[in-house]
Amino acid sequence: MSVPSESTSLTEPGPVPHPSEPVEQLYAELEAKIREYRPKDDLAVLQNAFRFASKYHEGQTRDSGEPYMVHPVMVAHILADMRMDVVAMETGLLHDVVEDTSVTVEQVRKEFGPEVARCVDGVTKLTKLDVFSAEDRQAESVRKMLLAMVEDIRVILVKLADRIHNMRTLGYLSPERRERIARETIEIYAPIAHRLGMGKVRGELEDLAFQHLEPDAYQEILGAIESKRHSNEEFLAEIRLTVESELRREGIPARIDGRLKRPYSVFQKLRRQKISLDQVYDLMALRILTDSVKNCYAALGVIHNKWRPIPGRIKDFIAIPRPNLYQSLHTSVVGPHGQTFEVQIRTEEMHRIAEEGIAAHWKYKEGRKGPAADDQRIAWLRHLVEWQREVQDPGEFMSTLKVDLYPEEAYTFTPRGKVIVLPRDATPIDFAYAIHSDVGSTCVGAKVNGRIVPLRSSLRNGDIVEIMTQPGHEPSKDWLAFVKTSRARNKIKHLINAGERVKAIEIGQKYLEKEARRLGVQLSKVTKADMERVAGEYGLSKMEDLHAALGYGKFSARQVLSKIAPGVVKEEVAEPRPAPVADNAAPSAAPGAKRADGDGVIKVRGLDDLMVYRAKCCNPIRGEAIVGYVTRGKGVAVHARMCPNVQSLLYDVERKIEVEWARAAEDSFPVRIVIHTDDRPGMLNQLTSVLSAENTNIRSLEAKGETDHDGGVVEMTVDVRDKKQLEKLVAAMRRISGVRDVERLFN
């Protein structure tokens, strides 16, 4: 029996063009493919786009050595497999001309019209942006793409097709570029495909990225799936015959397929549940496709009548679809030999929507460029665009975006029965902000299913939530430690920022005046234009921004006064700073204070007199991306960008400060690691052998068994020199037979 995989290629069914064919032949096959499903379209404009792109990409080659034009033509092929319109395929052919050649967006508009120009501009990365880092460029490019996507969904469909082909040919790039692109794919583009309901695209992107990010785990899982294939297919064939017979007896028309669990999906389950491959029982599942919603429920009854369902594993996504409009019935049952397996039941139309999502029924009518107002798959994007206007910091934008792209899981209800969809472990505060900003900000308590609960409680499927409010109440900073939605987080930050900024401006102004009196500078004679000129030298636009920065402790009053009155004040390297946004304006840092706890390995970029210390919650190690945060009178706390506390702490972007690794010393950094393993003799010896081979010191080690998973847990603190050494250790440990997962622990 042939069992299709979830990650079936986008180009199925039909012949797949081979990229090594001459570009003209690839293009001819593209036209033939389009004529099959759009026979009335005039393809002259497409030929024009092909000739235009060929002219400007002439002489360019890809890393594989083939002509560059192969890539845009293959992107157009993927769009044709999605059955997109000619405008989308023109964009596919032209999507790199602005980014990689001398062509401008204006030229594209003149040659191909405003629609194509807008789409091409939307998918063009900001390569020439004058910003500080590659991370900032990535953030601004994604922000630009999301804005363009609201106006025309074809922007993201072209971008996904572009990413699919790039991922299929990723093997020709350097290891560093492979990892960067694969990580961006799994963190940004695969989740976007999921939120648009495009299961097939999401599956392929995840598996391709997984193959490059975790090659050992990928091969191990592939081997395990292959080793079980024969027995699973025999089992599934037996089940399938039984189900066909039962459904026929009840008069329910159905087409029954097997579903092979994707490698990345298996990997996620292993990591999430800390189990071994032998304990994954749903590598294969049954999918029943029928003709109506009524027969979906009838088929579910037949399955439950035949085999015992597992409590808590029955999910009705037909009555309450997922936010991406995915609909299906899911149930897990205990089969004839005591083996559990999953059954998915849906209509043929639901299956098409599940596989292709928003591309399944996208119609381009005259005058309609963007999504319909009631398309739920785009509602989340509108929310993203709303809050992105408030989030100025590129790093914060990207980390908040990644949180917001996670699939939503908890279906909760208002007392009147309105469904509020929230992420897993969301709180009543998230629920309140999902209703309205004012409800969230004035929330003082919550009842869940009629009982008063703490505001940090996690909500679950089916909870009925009632929010209690009090006029004039303001959100607490503590909420940032446990809210899960970007909407709640950004609204809370916005209100806190406003209050903190007013306080910082007042303190900064007093601090400047006090220092001016001490140094004999008459501020009354300094014009507003002079103050704004000095503010401009610090990259600030107004005098209020300058006062706020002084209040936050980002630089000293003496530095500012030396620029205002250079003849009177000379800038000194080390001097007092104010306690950032404290209750008084008295400077708190001692003159000459340089570093805390000997952490001279990190410094504030451009400044030499700020006290710097590594945050104990994450203990960043050399080579990791780091971020500094000006604390109240304690200097600059340095966190790893991946630290779970960063988003809670950085509620005020103005307190963020650029930090960098200062010197290539032989310092070692303590790192906590937890290893989940099979419980077998010799495991601890193998783990410590890996550390010994790397000449790594073990500070502490604790090992214990786990009764629920028939496994063991080893927790250790080891000294590492940098991020590369840590990655090498983790990779070596994961290669040990019986190691299920290795995680770095943050406090």
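The axes of helix H20 (residues 486-519) and helix H23 (residues 557-564) come within 9 Å of each other and cross at roughly 65°, where axes are lines fitted to C-alpha atoms, for helices over the stretch in contact, and angles run from 0 to 180 degrees between N-to-C directions. This is a predicted model, in which local features need pLDDT of at least 70 and side-chain atom pairs count only at pLDDT 80 or more, while totals for chains, interfaces and linings use all residues. Residues are numbered from 1 along each chain as its sequence is written, and side-chain values use heavy atoms, with hydrogens and water left out.

Helices (H or I, at least four residues) and strands (E, at least two) are DSSP runs, numbered from the N terminus.

**The H20 and H23 pair**

Two packed helices are described by the angle between their axes and the distance between the axes. The crossing of H20 and H23 is right-handed, a term used if the near helix is turned clockwise from the far one by less than a right angle. From H20, the residues Tyr 511, Leu 512, Glu 515, Ala 516, Arg 518 and Leu 519 meet Ala 557, Arg 558, Val 560 and Leu 561 of H23, contact meaning heavy atoms within 4.5 Å. By class, this contact has seven nonpolar, no polar and three charged residues; Ala, Val, Leu, Ile, Met, Phe, Trp, Tyr, Cys and Pro count as nonpolar, Asp, Glu, Lys and Arg as charged, and the others, Gly among them, as polar.

H20 also holds Asn 490, which at 6% relative accessibility counts as buried, that is, under 20% relative accessible area, with exposed over 50% and partly exposed in between (1.4 Å probe, protein chains only). The C-alpha atoms of Asn 490 and Leu 480, ten residues apart along the chain, are separated by 9.3 Å.

**The chain and its cores**

The chain has 26 helices and 21 strands, and buried residues make up 52% of its 747 residues. Among contacts between residues at least 6 apart in sequence, 67% join residues at least 24 apart.

The largest nonpolar core has 113 residues, and those with the most contacts inside it are Met 89, Leu 94, Val 108, Ile 156, Met 198 and Val 243; such a core is a set of buried Ala, Val, Leu, Ile, Met, Phe, Trp, Tyr and Cys residues joined through side-chain atoms within 4.5 Å. Helix H12 (residues 215-249) gives the largest share of this core, ten residues. A second, separate core of 32 residues includes Ile 602, Val 636, Leu 691 and Val 742. Not counting residues up to four places away in sequence, Met 89 touches Leu 30, Ile 34, Tyr 37, Leu 46, Ala 76, Leu 79, Ala 80 and Met 84.

Helix H12 also contains Asn 232, which counts as buried at 11% relative accessibility. Leaving aside neighbours within four places in sequence, Asn 232 is in contact with Leu 283, Met 284 and Gln 339.

**Strands and sheets**

Two strands pair if DSSP finds at least two bridges between them. Three of the strand pairs are set out below.

| Strand pair | Bridges | Direction | Opposed residues |
|---|---|---|---|
| E7 (residues 410-413) and E8 (residues 419-422) | four | antiparallel | Phe 413 and Val 419 |
| E9 (residues 443-448) and E10 | three | antiparallel | Val 448 and Arg 451 |
| E13 and E15 (residues 636-640) | three | parallel | Arg 614 and Val 638 |

E7 and E8 form a hairpin with five residues between them, and Gly 417 in the turn has a positive phi of about 95°.

Three strands form an open sheet in the order E10-E9-E11, with antiparallel pairing. Strand E10 (451-453) and strand E11 (465-469) stand at its edges, each with a single partner strand, so one side of each is left without a neighbour in the sheet. The twist averages 35° from one strand to the next. Helix H18 (residues 428-435) lies across E9, E10 and E11, running at about 80° to E11. H18 is mostly covered, with six of its eight residues buried, namely Pro 428, Ile 429, Asp 430, Phe 431, Ala 432 and Tyr 433.

Another open sheet has four strands in the order E13-E15-E14-E16, and its pairing is mixed. Here the edge strands are E13 (612-614) and E16 (656-657), each of which pairs on one side only.
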